[in-house]
Structure formats: structure tokens, C-alpha cells
Amino acid sequence: MTRGVRIRLMAFVALSAIGIVYITASYLGVIDKVTGRELTVQATLPSSGGLYVGSEVTYRGVKIGKVSKVVPTADGIDATLTLEKDTKLPASSPIQVHNLSAVGEQYLDFTPASSDGPYAQDGTVFHGTAASLPVDEGDLLVTLNDFVQSVDKKDLQSSVAELGAMFHGTGRDLQKLLDGGSTFIREASKHTRATITLLDSGLKVLKTQSGQKENIRSFAKDLDHLTGALRRSDGDLRTVIHETPSAARELQALLEDLGPTMPTMLSDLISVGQVFDANLAGIEQLLVTYPALIAGGPTGSTRDGWGHVNLQFDYSVPPCTEGYLPPSQWRSTQDVTDEDSAFGGLGHYPAVCKSPLPFERRGTDQALAYTAGTNSSPARNYSVTSNEESGVLPYTDDGHGRPVRFQKPQNLSVLGGDAWKWLLVGPVVQK
């Protein structure tokens, strides 16, 4: 071996020894003590909580030192904590002992409410309470055992069996649910800013709902009343639900039976509706005058133990025939030929009553305004706003220029344009 190789080997051994000594001294804290780079504080606890010499000391989860000494006392333990020299630890910081994993590895953590001073110096003492310690594993096991023993085994077997029945055959659905949740989380991570905006907006919505708490409480109360009524009517609801299918089937059968005839009837009603629409003024006239007419017409008697109703009409005026086609020229009902060229191209005979009063003219073309001083005046509509108290209707006569009189059952002026409804309400208020 040459001299140069021996020198290099000796240098390697010396540097290795120096490195090992330095690492060992740093681990044991000798260098910090010698150089004065450490901050030493004290912590008192009711018990160790699993702390040991060498346990880590953290400041909100960040390592700042370690436990260098643990001394038991009558009230618990005094732990000496060696911290980094430049650590700015608030002197009011509470302390907590946590488990680093399920198997233990306790560490001491400082969790100050604020990072403001004053800060800890050499010799500062931090005091912990029972709340600063983690749950003891022995106590946890004893409590868990008591809980398990308190559960009835038969009931537990029933619960497990029902859980198995509930999740039986749902593996794929649960897998889809978990996969969907993972996909949702990934998408939310890709759109972090949009997710944050959504959360902020959700907070505004929740604040709005907080402002509407009285309305929400009222709604919940009303909903409670509704559900209570439904609960009290449970039997009736069950009857309705039970009978609804049969009723629906009967209704369906009825509609199917009416299928061939209902459209035809509705189609015919279109024509009837058109007739009513064309004669709406006359129908209103009938509804206005009929209650007054019927109020004085019927009479009753009980001479033989039965009630009798008598209604007489004056038929002294025969039907009007002047202006109509004579019966000898009437077209046969069996004639289906086209007659559009007849009667001057009208296709029908222009029938109209040409006789003077007392013949009453009919048709919508006669329902016009009153023309004074003529015998050919058309029919007049009843003035529902008339305020005549004498019972005289000034709009018509009996064919001889004399006003028609009848006693009004009530003053209809208060009904305005709806006076025709007296046909419905009149019999109710009659004395």
C-alpha cells in the first residue's frame, strides 16, 4: 500500500468519526446545549398520556422540538421541552397530547388561538388539564366492552341480518355510487375556483334562508298540521286508495262505452251552442222576465189534501202567418236537390212576420233598439237598471198602447247587469 493511499484512508476514517460524533451529539442535544441554540420550556400534565423522552413537539402540526425529560410528580408529570431557538411560541398556547397513529406514537402539540405575543422564553411553564390528554386505550376498551355487552345479542343478530338483506345484490349500485362520488370530487378539484364560488353562493343562499326562518318555521308547522290530518285520516285514505283502481276501471269502461256516441253528441252541441250564441239577447230577456212572471203565476190549494199548481197562458193571439211561405208550397222533406238558385239566389225563402202588433216578432234581427212611434218596432230588451218603483215596465205594451204592469218581487236595480241571475236566487228569498 502506498503512502498516498494510507493518507487518504486515514482522512476518511477521521472525517467519518467526526460526522458520527456530530450526528450523535445533535440527536442527544449536546450541540444545542453547548452552542446555546435551544429554547427550554416546561409542561405540566395530570399524566403522561403516553409521552416519552424523544416525543415530538409541534406547533399547529409543524415540528419545533422534542420532549427531553419526563419527571413524575404527585400531581402528574413535569415534561421538559427542548424547542428551536428562534421559535415564537405564544405563552398562552394550550397544549394537547395526540396519537400519531392507531398504535400510539404520542406527540405534544401547541394550538394557540392567535400567533400574537408575548412569546415563551426559557423556563416558561405551560399547564395542561385532563382535557389535554387523549383517551386512554384501556378506558376505551373497557367502555367499548360495556357497550357491546349492553346490546341484546338477538336484536344485534336481527340488525345484522336486515343489513345483509338491505345490501344484498346492491354491490354494483354501491360501486356506481362510490365511482360517481370519486368522479364528482375529481371534477370539483379540476374546477376549484368555480367550486369555491359555488360554496360562497351557497353561503349566501343559507344566509337568505336564515332570514326567512320564521316563514320556514310557519311552513314546517303547517306541514306538520297537514301530515297530522293525513295521519288521522289514514283509514279513509287507505279506503280511497283501495277503491280508486276499481272506480278508475269503471270510469274507463264508461268512457269506452260512450266513445261511439260522445263525439257525435258534442258535435251536435256545437250547433246548439251557435244557436244560443245567436239568440243570447233573447235568452237574457227570458231569464230576466221569467222570475217575475213565475212569481205571480203559480197558486196552490189543499182542498183535497193535495197541493195544486196552476199556470195559464193567454193564447188569444194566433201565430203570425203573413210573410211566410204557404203550406201548399212547402218543400218536401224527401227533396234533397240543390235549390241555391231559388228565391233570388238566397237558397231559402226570406220568411219574416209582416203582421202588425200584437203579433210578436222573433229572431235576432228583431232584437234592436226601441223605435218610438211605429207599429213595426222590433222586440225591446229589458233594462235591468230601471229604477221604476211602480212596477211599470216602460219598454213594451200589450198591443193597444197600454203599459204592461206586474208587481216586482224585489228591487233588481241593485243587481246591475247580473239581474238575470234572479231566476236562481229569487225563489230562495221569496217570503
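This passage describes the overall make-up, the core, the salt bridges and a surface patch of a predicted model.

The chain contains twelve helices and nine strands. Of its 431 residues, 17% are buried. The accessible surface of the chain amounts to about 32,700 Å², and carbon and sulfur atoms account for 60% of that surface. Among the contacts in the chain with a separation of 6 or more, 55% are between residues that lie 24 or more positions apart.

In soluble globular proteins, nonpolar side chains tend to be buried together. The largest nonpolar core in this model consists of 21 residues. Within this core, the residues with the most contacts are Val 57, Leu 81, Leu 83, Leu 108 and Phe 110. Two or more core residues are given by each of the elements β1 (38–45), β2 (56–59), β3 (62–73), β4 (76–84), β5 (95–101) and β6 (104–110).

Strand β2 also holds Thr 58. This residue has a relative accessibility of 4% and is classed as buried, because buried means under 20% relative accessible area. The side chain of Thr 58 forms a polar contact, at 2.6 Å, with the side chain of Asp 109. When neighbours within four places in sequence are set aside, the residues in contact with Thr 58 are Lys 63, Ile 64, Tyr 107, Leu 108, Asp 109 and Phe 110. Two residues in this list, Leu 108 and Phe 110, are also among those with the most contacts inside the largest nonpolar core.

The loop between β2 and β3 includes Arg 60. Although Arg 60 is not a glycine, its phi is positive, at about 55°. Arg 60 is partly exposed, with 45% relative accessibility, whereas Thr 58 in β2 is buried at 4%.

Side chains of opposite charge can pair when their charged atoms come close. The model has four salt bridges, and three of these are described here, beginning with a pair in helix α5. There, the side chains of Lys 190 and Glu 187 meet at an N to O distance of 4.0 Å. Because Lys 190 and Glu 187 are three residues apart in helix α5 (residues 171–190), about one helical turn separates them. Lys 190 is exposed, with a relative accessibility of 63%, while Glu 187 is partly exposed at 37%.

Another salt bridge joins the side chains of Asp 234 and Arg 238, with an N to O distance of 2.7 Å. These two residues are four apart in helix α8, so Asp 234 and Arg 238 are also separated by about one helical turn. Asp 234 has a relative accessibility of 34% and is partly exposed. Arg 238, at 57%, is exposed.

A further salt bridge is formed by Asp 335 and Arg 331, whose closest N and O atoms are 3.2 Å apart. Asp 335 is partly exposed, with a relative accessible area of 32%. Arg 331 is partly exposed as well, with a value of 41%.

Helix α8, which holds the pair Asp 234 and Arg 238, also contributes to a nonpolar patch on the surface. The patch is formed by Phe 219, Leu 223, Leu 226, Leu 230, Leu 237 and Ile 241. Together, these residues have about 590 Å² of accessible area. At least two residues of the patch are supplied by each of α7 (213–232) and α8 (234–258). Helix α7 gives the largest share, with four residues. One of the patch residues in α7 is Leu 230. Leu 230 has a relative accessible area of 41% and is therefore partly exposed, as this value lies between the limits of 20% for buried and 50% for exposed.

Conventions. Residues are numbered from 1 along each chain as its sequence is written. This is a predicted model: local features need pLDDT of at least 70, side-chain atom pairs count only at pLDDT 80 or more; totals for chains, interfaces and linings use all residues. Side-chain values use heavy atoms; hydrogens and water are left out. Patches are made of residues with over 30% relative accessible area and no salt bridge: like charges are joined within 9 Å, nonpolar side chains (Val, Leu, Ile, Met, Phe, Trp, Tyr) within 5 Å. Accessible areas come from the Shrake-Rupley method with a 1.4 Å probe; for residues, only the protein chains shown count as cover. Buried means under 20% relative accessible area, exposed over 50%, partly exposed in between (1.4 Å probe, protein chains only). A nonpolar core is a set of buried Ala, Val, Leu, Ile, Met, Phe, Trp, Tyr and Cys residues joined through side-chain atoms within 4.5 Å. A polar contact is a pair of N or O atoms within 3.5 Å; within protein, one must be able to donate a hydrogen and the other to accept it, and residues adjacent in sequence count only if both atoms are side-chain atoms. Contact means heavy atoms within 4.5 Å.
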